[in-house]
Amino acid sequence: MDWFDKITADIKSAMLAKDKVRLESLRGIKKEFIEAKTAEGAGGVLTDEAALKILAKMVKQRRDTAIIYKEQNRPELAEGELAEAAIIEEYLPKALTDEELTEALRSIIAEVGASSPKDMGKVMGVASKRLAGRAEGRAISAKVKELLAN
């Protein structure tokens, strides 16, 4: 079953369960997937890599919005955003721990032959594709800088 079919099936389940938060979250995912499938050059296909990027982006947007709501003293809105982020996160692969991220980046650094901070671009290009949805770009970047500085 592909991503689109899974989300559609889960929307039906959320409707039957009358789970409004889950339903809204899943409808948002489906909307993003439809836009990605119909985008110019997509050819009506949603790749796994594209789906993971969309989901990771949606989680990040929800978290960033929740932070803004908290700063503006709107905890009820922040809770709603965080609840949606948690539901969307269920579809992402398990996030890497700090040790797993370090190990994955060490192997990528060895693979591309990076030896100094000047090679960060090469490492980031491979790492961001390979670790999409499993680690945030900010965390990957910080860890690559740390590893290349040593």
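In which helix is the place of E84? The legends below take up this question along with others, and they describe a predicted model.

**Figure 1. The whole protein chain, seen as a set of helices.** The secondary structure of the protein chain in this predicted model amounts to seven helices, with zero strands, and the pattern read along the sequence is α-α-α-α-α-α-α. Taken along the principal axes, the box filled by the C-alpha atoms of the protein chain is roughly 55 × 45 × 25 Å. The protein chain has 150 residues, of which 34% are buried, and its accessible surface comes to about 9,300 Å², with 54% of that surface belonging to carbon and sulfur atoms. If one takes the contacts between residues at least 6 apart in sequence, 57% of them join residues that are at least 24 apart. As for charge, the protein chain carries 26 positive and 26 negative side chains, and the centres of these two sets are 2 Å apart.

**Figure 2. E84 and S25, two buried residues in contact with each other.** The place of E84 is in helix α4, which answers the opening question, while S25 has its place in helix α2. E84 counts as buried because its relative accessible area is 19%, and the cut-off for that word is under 20%. S25 is buried as well, with a relative accessible area of 0%. When neighbours within four places in sequence are left aside, E84 is in contact with V21, S25 and R62. Seen from the other side, and again not counting residues up to four places away in sequence, S25 touches E84, I87 and I88.

**Figure 3. The aromatic pair of W3 and F33.** How many aromatic pairs does the structure hold? The structure holds one, and this pair is formed by W3 and F33 in an edge-to-face arrangement, with 6.4 Å from centre to centre and 80° between the planes. The pair links distant parts of the chain, since W3 belongs to helix α1 and F33 to helix α2, and the two residues are 30 residues apart. Both W3 and F33 are buried.

**Figure 4. K37 and the ring of F4.** This view turns to a charge and a ring. The charged end of K37 sits over the ring of F4, at 4.2 Å from the centre of that ring.

**Figure 5. D10 in helix α1 and the residues around it.** Is D10 buried or exposed? D10, which lies in helix α1, is buried, because its relative accessible area is 16% and buried means under 20%. Not counting residues up to four places away in sequence, D10 touches L26 and Y91. A separate distance can be followed from D10 to R22, which is twelve residues apart from it along the chain: the C-alpha atoms of these two residues are separated by 8.9 Å.

**Figure 6. K18 and N73, two loop residues with positive phi values.** K18 lies in the loop between α1, residues 3–17, and α2, residues 20–38, and its phi is near 55°, a positive value in a residue other than glycine. N73 lies in the loop between α3, residues 48–71, and α4, residues 75–89, and phi of N73 is near 60°, which is likewise a positive value in a residue other than glycine. K18 counts as exposed because its relative accessibility is 71%, and N73 is exposed with a relative accessible area of 65%.

**Figure 7. K70 in helix α3.** K70 is found in helix α3 and is exposed, with a relative accessible area of 52%, where the cut-off for exposed is over 50%. Which residues does K70 contact, leaving aside its neighbours within four places in sequence? K70 is in contact with A78 and L82.

**Figure 8. S107 in helix α5.** S107 is found in helix α5, which covers residues 98–112. At a relative accessibility of 38%, S107 counts as partly exposed, a class that lies between under 20% for buried and over 50% for exposed. The C-alpha atoms of S107 and A127 are separated by 9.9 Å, and these two residues are 20 residues apart along the chain.

Methods:
Residues numbered from 1 in each chain as written. Predicted model: local features only at pLDDT ≥ 70, side-chain atom pairs only at ≥ 80, totals over all residues. Heavy atoms only, no water. Helix = DSSP H or I, 4+ residues; strand = E, 2+ residues; numbered from the N terminus. Buried < 20%, exposed > 50% of the residue type's maximum accessible area, 1.4 Å probe, protein only. Phe/Tyr/Trp six-rings, centres within 6.5 Å; stacked < 30°, edge-to-face > 60°. Lys NZ or Arg CZ within 6 Å of the ring centre and 35° of its normal. Contact = heavy atoms within 4.5 Å. Areas by Shrake-Rupley, 256 points an atom, 1.4 Å probe, with all protein chains shown as cover. Lys, Arg positive; Asp, Glu negative; His and termini not counted. Charge placed at Lys NZ, Arg CZ, Asp CG, Glu CD.
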